[in-house]
Amino acid sequence: MNENKIVKIHCIDCGSVFTAKTRKALRCEKCKKEEIYRKQKEYHLKERLKREAAKRPKPKASLNDILKELKQYNEDHGTHLSYGQYTVMLSNAEHCVCCGAIIPEGRQVCRRCELKQRG
Ligand SMILES: [Zn+2]
Ligand SMILES: [Zn+2]
């Protein structure tokens, strides 16, 4: 007698019994279609997110961050720079020879390092 090649399989998704020609089949026809559809959707979603991420400009330092830095800078250096002065200074900044911190023009070390050196 010929071996019956039709096997009964429980669909791993919906649990319904279906017949197939191979035990390798995992899903019934309906779920197989849904699986393909879902994968396509996932793929398109990923592609869309990738495209959108590529379009998005890189985050710049927000005004708040700069103002926070400015406040810290003024505290560290005993200065009273305005936002405008600070941004101008950043664009042609001098750096502390000790720690690399941004310092006002005409100085070589920041206030912190100066205090450290004095002991
Ligand atoms: Zn199914
Ligand atoms: Zn320094």
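Helices (H or I, at least four residues) and strands (E, at least two) are DSSP runs, numbered from the N terminus. With that in hand, show the whole protein chain as a cartoon: it has 4 helices and 4 strands. Starting at the N terminus, their order is β-β-α-α-α-β-β-α. The radius of gyration of the protein chain (taken over C-alpha atoms) is 33 Å, well over the 14 Å that the globule rule gives for 119 residues, so the chain is more spread out than a compact globule. That rule is 2.2 Å times the number of residues to the power 0.38.

Before you click further, note that this is a predicted model, where local features need pLDDT of at least 70, side-chain atom pairs count only at pLDDT 80 or more, and totals for chains, interfaces and linings use all residues. Residues are numbered from 1 along each chain as its sequence is written, while chains are lettered from A and ligands numbered from 1 in the order in which they are written.

**The whole chain**

Turn the view around: the C-alpha trace spans about 100 × 30 × 20 Å along its principal axes. How much of the protein chain is buried? Buried residues are 5% of the 119. Here a residue is buried if 20 or more other C-beta atoms, placed from the backbone, lie within 10 Å of its own, exposed if 12 or fewer, and partly exposed in between.

Now colour residues 28-58 and 63-118, which are domain 1 and domain 2 in the domain assignment. Such bounds come from an automatic or database assignment. The C-alpha centres of the two domains are 49 Å apart.

**Stop 1: the hairpin**

Select residues 7-10 and 17-20, which are strand 1 and strand 2, paired in the antiparallel sense over 4 bridges. Strands count as paired if DSSP finds at least two bridges between them. Which residue of strand 2 stands opposite Ile9? Phe18 does, and His10 stands opposite Val17. In a regular strand, side chains alternate between the two faces of the sheet. The two strands form a hairpin with 6 residues between them, and Gly15 in the turn has a positive phi of about 80°.

**Stop 2: helix 1**

Select residues 29-55 for helix 1, and pick out Arg51 within it. Arg51 counts as exposed because it has 10 C-beta neighbours inside 10 Å. Draw a distance from its C-alpha atom to that of Gly100, 49 residues away along the chain, and you should get 39 Å.

**Stop 3: helix 2**

Next comes helix 2, residues 63-77, with 15 residues that should span 21 Å at 1.5 Å a residue; its end C-alpha atoms are 21 Å apart, which agrees. The expected span is 1.5 Å times one less than the number of residues. Of those 15 residues, 1 is buried, so helix 2 lies largely in the open.

Click Gln72 in helix 2. Is Gln72 buried or exposed? Gln72 is exposed, with 10 other C-beta atoms within 10 Å. Its C-alpha atom is 15 Å from that of Gly100, 28 residues apart along the chain. Just after the helix, Gly78 takes a positive phi of about 65°.

**Stop 4: helix 4**

Finish at residues 111-118, helix 4, which is hardly covered: 0 of its 8 residues are buried. Gly119 follows, with a positive phi near 90°.
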